[in-house]
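Open the model in your viewer and set the display to cartoon with side chains available. The stops below say what to select next and what is there.

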Amino acid sequence: MLIRKEEPKDYKIIYSVVKDAFDSAEFSDGNEQNLVNELRKGEAFIPDLSLVAEIEGKIVGHIMFTKATVGENTVLVLAPLSVLPEYQRKGIGISLIKEGHKIAKKLGYEYSIVLGNPKYYQKAGYLTADKFGIMPSFDVPNINFMAFKLNKDASDIHGIIKYAKEFGID
């Protein structure tokens with residue numbers, strides 16, 4: 001498996017991968033593929049943190065991290081993470097997360113935030129975000145709002161997360 005930065009020539013395929021991945025997802029608004037396209041156009045987009053997983057030249061997974069803020073601090077939001085249904089449960093998603101974390105740390109980011117299934121994201125080291133003083137700006141079960149400290153020496157942060165406007169969360 002090759003994990004690499006996405007390229008413009010990949011956008012159509014990524015759109016399909018994200019759509020197919022979320023068609024069978026337990027929680028989905030059906031708009032994740034359009035969110036990816038909108039995030040690419042926004043100020044929160046980080047090209048180095050939009051990655052694809054390839055197997056034998058076929059894109060089978062995608063992950064995107066974008067900027068958000070908690071108080072005066074810039075953090076990352078992991079969303080969405082997509083793996084084609086027939087390639088799920090093979091470690092591709094976790095590999096995309098780990099590679100994204102490695103790049104994010106090199107770029108100087110200290111925290112990654114995710115809204116998702118705790119059983120899955122805890123495998124990648126995510127803990128409930130309240131343990132770090134990070135709170136959601138919307139009503140969500142505490143267990144589903146998680147954070148990962150990318151740098152063990154990261155400064156403590158406290159506050160409510162403000163997502164990129166493309167997420168439509170105020």
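**Stop 1: two loops**

Select Glu56, which sits in the loop between E2 and E3. Helices (H or I, at least four residues) and strands (E, at least two) are DSSP runs, numbered from the N terminus. This is a predicted model, in which local features need pLDDT of at least 70 and side-chain atom pairs count only at pLDDT 80 or more, while totals for chains, interfaces and linings use all residues. Residues are numbered from 1 along each chain as its sequence is written, and side-chain values use heavy atoms, with hydrogens and water left out.

Glu56 is not a glycine, yet its phi is positive, about 50°. Its relative accessibility is 83%, so Glu56 counts as exposed. The classes are buried (under 20% relative accessible area), exposed (over 50%) and partly exposed (in between), with a 1.4 Å probe and protein chains only.

Go next to Arg89, in the loop between E4 and H3. Arg89 also is not a glycine and has a positive phi, about 65°. Arg89 is exposed because its relative accessible area is 81%. As background, most residues other than glycine have a negative phi, and most peptide bonds are trans.

**Stop 2: helix H1**

Select residues 11–23, which form helix H1 with 13 residues. From first C-alpha to last, H1 reaches 18 Å, close to the 18 Å expected at 1.5 Å a residue; the expected span is 1.5 Å times one less than the number of residues. Colour Ile14, Val17, Val18, Ala21 and Phe22, the buried residues of H1. Viewed down the axis of H1, these buried residues fall within an arc of 115°, so they line one face of the helix. The arc is taken over the directions from the helix axis to the C-beta atoms. On the face turned away from the buried side, find the exposed residues Lys12 and Asp23.

Now add the packing partners of the buried residues of H1: helix H2 (32–41), strand E2 (45–55), strand E3 (58–70) and strand E4 (73–83).

**Stop 3: Glu32 and the cis bond**

Glu32 is in helix H2. Is Glu32 buried or exposed? Its relative accessibility is 9%, so Glu32 counts as buried. Leaving out residues up to four places away in sequence, Glu32 touches Val18, Phe22 and Pro80, where contact means heavy atoms within 4.5 Å. Two of these partners, Val18 and Phe22, are among the buried residues of H1.

Move to the third partner, Pro80, in strand E4. Ala79 and Pro80 are joined by a cis peptide bond, with omega about -10°.

**Stop 4: the core**

Which residues have the most contacts inside the largest nonpolar core? They are Leu78, Ile97, Tyr126, Ile134 and Ile161, in a core of 59 residues. Such a core is a set of buried Ala, Val, Leu, Ile, Met, Phe, Trp, Tyr and Cys residues joined through side-chain atoms within 4.5 Å. At least two core residues come from each of H1, H2, E2, E3, E4, helix H3 (92–106), strand E5 (111–115) and strand E8 (145–149).

Centre on Ile134. Beyond its neighbours within four places in sequence, Ile134 is in contact with Val70, Tyr111, Ile113, Ala129, Phe145, Ala147, Ile157, Gly159 and Ile161.

**Stop 5: helix H3**

H3 has 15 residues and reaches 21 Å from its first C-alpha to its last, close to the 21 Å expected at 1.5 Å a residue. Its buried residues include Ile92, Leu96, Ile97 and Ile103. Lys106 is also in H3, and at 69% relative accessibility Lys106 counts as exposed. Just after H3, Gly108 takes a positive phi of about 95°.

**Stop 6: Ser155**

Select Ser155, in the loop between E8 and strand E9 (159–162). Ser155 is partly exposed, with a relative accessible area of 35%. Not counting residues up to four places away in sequence, Ser155 touches Asn73, Glu110 and Tyr111. Ser155 and Glu110 are 45 residues apart in sequence, and their C-alpha atoms are 7.8 Å apart in space.
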